[in-house]
Amino acid sequence: MTTQTRNTQTVLVTSASGKTGRRVAERLAARGVTVRAGSRTGATRFDWEDRATWGPALRGADAAYVAYYPDLAAPGAVGAMEAFGRLAAEHGVRRITLLSGRGEPAALAAEEALRAAAAGSGDGQGAELTLVRASFFAQNFSEGLLAEGVAEGAVVFPAGDTAEPFVDADDLADVVVETLTADGHAGLVHEATGPRPLGFAEVAAEIARASGRPVVYEPVSEAAYAELLTGFGLPAGEAAWLSALFATLLDGHNSSATDGVKRVLGREPRSFAAFAAEAWGGEARGGEGAGVSPG
């Protein structure tokens with residue numbers, strides 16, 4: 001765990017309306033940091049698809065949290081990271097924390113592009129970069145792409161019987177804030193995971209237990225999942241890419257847990273069971289009075 005040595009004056013939070021950006025912005029503000037919450041429609045306009053918004057958002061910022069949409073493995077991410085890093089250095093940003101995917105080979109080139117560009121001309125005036133590589137978010141089941149299926153009683157996903165050490169987005173946000181406000185993280189890579197790996201069937205069981213209603217896991221193939229996504233209105237190319245990304249990340253190579261959260265924060269990460277109890281526990285309590293079967 002590092003010791004906080006100073007308050008960064010102004011931090012740009014990109015994708016500040018997103019799952020991690022919102023949490024990071026809230027925590028920074030609570031520490032007395034001036035936050036520029038960058039989003040497409042907010043007071044600080046920031047749109048990854050409109051580079052004209054990047055410079056004004058960066059101007060006067062001391063640090064930045066970079067959460068690239070849709071993903072660092074996506075086509076165009078390398079160019080975007082290079083351009084953003086160059087602008088950040090030009091505007092005097094001195095500290096950047098980049099959210100990346102754990103065990104995501106296609107993201108490595110984007111990470112390096114940001115690192116090299118943010119370093120500036122090599123005169124020591126560039127930005128220092130910290131990488132936070134996260135496992136699959138626990139919140140994907142409550143406020144992300146799987147939430148609708150969970151509400152209907154089924155987790156449909158192309159993960160087979162692979163286990164994943166799901167990380168709580170609140171823990172991840174705490175790690176990010178520490179890297180932005182405390183010294184000692186420059187150049188480091190922190191892998192943020194939950195305390196232990198769980199299979200998707202175990203996740204469904206934990207949600208069912210917490211909510212008091214049946215939730216099951218339905219494994220599907222990569223192709224079937226892509227077809228499912230197109231049925232929800234996603235363009236075929238994007239659906240195929242996203243399905244392939246999930247299948248790659250959940251092929252077993254990310255199944256082990258790390259001590260990254262504990263090393264940064266000095267405490268253990270929250271378990272999926274604790275997350276589920278908070279996210280769905282109210283449903284179970286309400287269900288008892290309404291005669292809802294726990295399944």
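Colleague: How much area does the protein chain expose, and what share do carbon and sulfur atoms supply?
Modeller: The protein chain exposes about 12500 Å², and carbon and sulfur atoms supply 53% of that. Those accessible areas come from the Shrake-Rupley method with a 1.4 Å probe, and for residues only the protein chains shown count as cover. Bear in mind that this is a predicted model, where local features need pLDDT of at least 70, side-chain atom pairs count only at pLDDT 80 or more, and totals for chains, interfaces and linings use all residues. Residues are numbered from 1 along each chain as its sequence is written, and side-chain values use heavy atoms, with hydrogens and water left out.

Colleague: OK, and what percentage of the residues count as buried?
Modeller: 50% of the 295 residues. Buried means under 20% relative accessible area (1.4 Å probe, protein chains only).

Colleague: Switching topic, how many helices and strands are there?
Modeller: Eleven helices and eleven strands. These are DSSP runs numbered from the N terminus: helices are H or I with at least four residues, strands are E with at least two.

Colleague: What about α6, is it mostly covered or uncovered?
Modeller: Mostly covered, with eleven of its 13 residues buried. Among them are L172, V175, V176 and L180, plus D171 and E178.

Colleague: Which residue caps its N-terminal end?
Modeller: D168 caps α6 there, with a side-chain oxygen 2.7 Å from the backbone nitrogen of D170.

Colleague: And how big a box do the C-alpha atoms fill?
Modeller: Roughly 65 × 40 × 35 Å, taken along the principal axes.

Technical notes
A polar contact is a pair of N or O atoms within 3.5 Å; within protein, one must be able to donate a hydrogen and the other to accept it, and residues adjacent in sequence count only if both atoms are side-chain atoms.
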